[in-house]
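User: Please give a close description of one part of this model, namely its sheet. How are the strands ordered and paired, and what lies at the edges?

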Amino acid sequence: MIPLPANAQQTDGGAGALPRHVAIIMDGNGRWAKQRFLPRIEGHRQGVAAVRRVTRAARALGIEALTLYAFSSENWRRPDEEIGDLMGLMRLFISSDLNELVRENVRLRVIGNYSRFSADIVTLVDDALARTAANTGPILVIALNYGSHAELAAAARTLAQQAVAGQIDVAAIDEAAIESQLDTSDLPPLDLLIRTSGEYRLSNFLLWQAAYAELLFVDTLWPDFDEACLAEAVASFGRRQRRFGGL
């Protein structure tokens, strides 16, 4: 059994409890477009609209941190044209929505190695992170070029380098040490992970963090996911009893 993270202050669930940290695998844009005989880019455009709805709804519900799987390290395998479309939408979202994030006191975080993106996107992301760094409200986390396997491998390399340098003892490498090197080390523990579109897998997303998270798989395609869907997901979490291996 995977032990609880070192910063485990998880919400127990039940009796209408509110999750502190919700993560979403936003899946189904392409199928949404195909069902309507539309190009895939239109599905992605509607997916961005769903991001706006859901981030606003999460703030209204009082969720402390929302993590969205926007671009995985495996998404580079998609056709160049689709990647180009996704990059264009990313530019548009950052440039058009940043002022709202600043105004609403939202702190933006990015997990994953976004330095692989084009220089202008890296600059946009860096600027967005800097402009929201002092905000004290809810946290919006965007996973860009993120893969959980790579995250764990990077954590292992860092700890190995520290051990070789004599900075830490090998015997001191425990769950807390690993977690301290993860991209999410400064975030609340993950309480609820949602995947849309009817798929039942985690797709290399927050594998360590999801060890004791509640999982919810819904048939709704991401462009159709709205405030009511999020509210129902949160209500479902509130009906669950979380024991973390105990009784």
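Analyst: The sheet is described below, from its overall order to its two edges.

This is a predicted model, in which local features need pLDDT of at least 70 and side-chain atom pairs count only at pLDDT 80 or more, while totals for chains, interfaces and linings use all residues. Residues are numbered from 1 along each chain as its sequence is written, and side-chain values use heavy atoms, with hydrogens and water left out.

The open sheet consists of six strands in the order β3-β4-β2-β1-β5-β6, with parallel pairing. Strands are DSSP runs of E of at least two residues, and helices are runs of H or I of at least four, both numbered from the N terminus; two strands pair if DSSP finds at least two bridges between them. Because β3 (107-111) and β6 each have a single partner strand, they stand at the edges, and one side of each lacks a neighbour in the sheet. Neighbouring strands are turned by 20° against each other on average, direction ignored. Axes here are lines fitted to C-alpha atoms, for helices over the stretch in contact, and angles between N-to-C directions run from 0 to 180 degrees.

At one edge, β3 runs parallel to β4 (residues 139-146), joined by five bridges; Arg109 has Val141 of β4 as its bridge partner. At the other edge, four bridges join β5 (residues 192-195) to β6, again in parallel, and Leu192 is bridged to Glu214 in β6. Helix α7 (residues 227-238) packs on the sheet, where it touches β5 and β6, and its direction makes about 135° with that of β5; contact means heavy atoms within 4.5 Å.
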